[in-house]
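Got your viewer open and a selection box ready? Let's take a walk, one selection at a time.

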Amino acid sequence: MSAFSIDLDLENGYLRIGNFPIPIDMIQNWIGKLIKIALIIIILTILTKVGYKIINKVVKRQIESNKRFTLDEKKAYTFGSVLKSILKYTSYFIGFTAILTVLFGNISITFASVGGVAIGFGAQNLVKDIINGLFILFENQFSVGDYVTIGNYKGTVENIGLRSTILKDFSGDVHILPNSIISEVTNHSIAESRVMVDVEIAYEENVDNAMKVIEDICNEFKLENENMVDGPRPVGVVNLKSSSVTIRVLGKAKPMTQWGCENELRRRIKIGMDKSNIEIPYPKTQLVPGKKK
């Protein structure tokens, strides 16, 4: 018999590979276990996807519902994100336990050993992540869709889970932060945002006339822009520069809309100043002819 020959000995119930006999019962047993493990993975995957779809429908109904006790859009998405996180980790735990049961039968000793190793090497940080994540949710520190600063990272909250929080900044970079490291949070989306535009005019211009023109522009802008909450209005001269006078315009806008409001207000002020022939100073070069000898 060659070293690599395969022989099926049905009489004695062995599969011989070379000189190594393998009981057919053992092979059948492991094939059955592999089939069970595959079924466990498939069933949990299907249940998780179905659970995600149900959660998405619940969140959508909360947003579209006009009932009294409903969540706003951000809180509804945050609630859905947390439910998905719980469902995912529960599926992992059930699947891991079920697979160990299939492989080892009575898993009490094995699972205790694995649990001890997990606690020794990583479960402490995991527990910190989960506890801090629960505090973030219960205290409503931020929600999905909020623009926040966490440590050195700024971005929009894409997802809040029990273990981690995902931020996406304006450049498109995605930052995944464990909840345990989140100690200080600045939420830029809770309160009204300041709108501030500085307008430069030449010293030769009448300041009162310029402020009246700017005030008319601001009043029209407020009526046409639903994102403005207060103002805008010119508050006065805030700086006297070497070649210009600075008039400041202040107001308040809905969270995360201040940049668009400032850009549009600057455009309108430029058009209005041009129509009123009010000069906005810019660097000039003046040539003075010399005297003839």
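Start by selecting Asp 216 and Lys 212: these two form a salt bridge, with their closest N and O atoms 3.0 Å apart. Keep in mind as you look around that this is a predicted model. Now show the cartoon. Both residues sit in helix 4, which covers residues 207-224, and they are 4 residues apart, about one turn of the helix. Are they hidden or out in the open? Asp 216 is partly exposed, with a relative accessible area of 39%, and Lys 212 is partly exposed too, at 43%.

**Next stop: from one helix to another**

Stay with helix 4 and pick Glu 224, then add Arg 268. They make a salt bridge as well, and here the closest N and O atoms are 2.8 Å apart. Glu 224 belongs to helix 4 but Arg 268 belongs to helix 5, so this pair ties together parts that are 44 residues apart in sequence.

Now move over to Asp 230 and Arg 233. Their side chains meet in a salt bridge, 3.1 Å from N to O. Asp 230 counts as partly exposed, at 31% relative accessibility, and so does Arg 233, at 41%.

Go back to Glu 224 and Arg 268, and add Glu 264 and Arg 267 to the selection. Salt bridges with shared partners join these four residues into one network. If you'd like to hunt for others, a search of the whole structure finds 9 salt bridges.

**Then: the sheet**

Hide the side chains and look at the strands. In which order do the 5 strands of the open sheet run? The order is 7-6-5-4-8, and the pairing is antiparallel. Strand 7 and strand 8 (185-187) are the edges, since each of them pairs on one side only. Try turning the view to look across the strands: the twist averages 40° from one strand to the next.

Zoom in on strand 4 and strand 8. They pair in the antiparallel sense over 3 bridges. For one spot to click on, select Ile 150: its bridge partner in strand 8 is Val 185.

**Last stop: the rings**

Bring the side chains back for this one, and look for aromatic pairs, of which the structure holds 3. Select Tyr 147 and Phe 170. This pair is stacked, with 5.1 Å from centre to centre and 10° between the planes. Tyr 147 lies in strand 4 (residues 147-150), while Phe 170 lies in the loop between strand 6 (164-168) and strand 7 (174-178), so the pair ties together parts that are 23 residues apart in sequence.

Which of the two rings' residues is buried, and which is exposed? Turn on a surface to look: Tyr 147 is buried, with a relative accessible area of 10%, whereas Phe 170 is exposed, at 62%.

Leave Phe 170 selected and add Trp 259. These two also pair, but edge-to-face: 6.0 Å centre to centre, with 90° between the planes. This pair links distant parts of the chain, because Phe 170 is in that loop between strand 6 and strand 7 and Trp 259 is in helix 5 (residues 258-275), 89 residues apart. Trp 259 counts as partly exposed, at 38% relative accessibility.

To finish, select Tyr 147, Phe 170 and Trp 259 together: they form one aromatic cluster.

Definitions and conventions. Residues numbered from 1 in each chain as written. Predicted model: local features only at pLDDT ≥ 70, side-chain atom pairs only at ≥ 80, totals over all residues. Heavy atoms only, no water. Phe/Tyr/Trp six-rings, centres within 6.5 Å; stacked < 30°, edge-to-face > 60°. Helix = DSSP H or I, 4+ residues; strand = E, 2+ residues; numbered from the N terminus. Buried < 20%, exposed > 50% of the residue type's maximum accessible area, 1.4 Å probe, protein only. Pairing = 2+ DSSP bridges. Axes fitted to C-alpha atoms, helices over the stretch in contact; angles between N-to-C directions.
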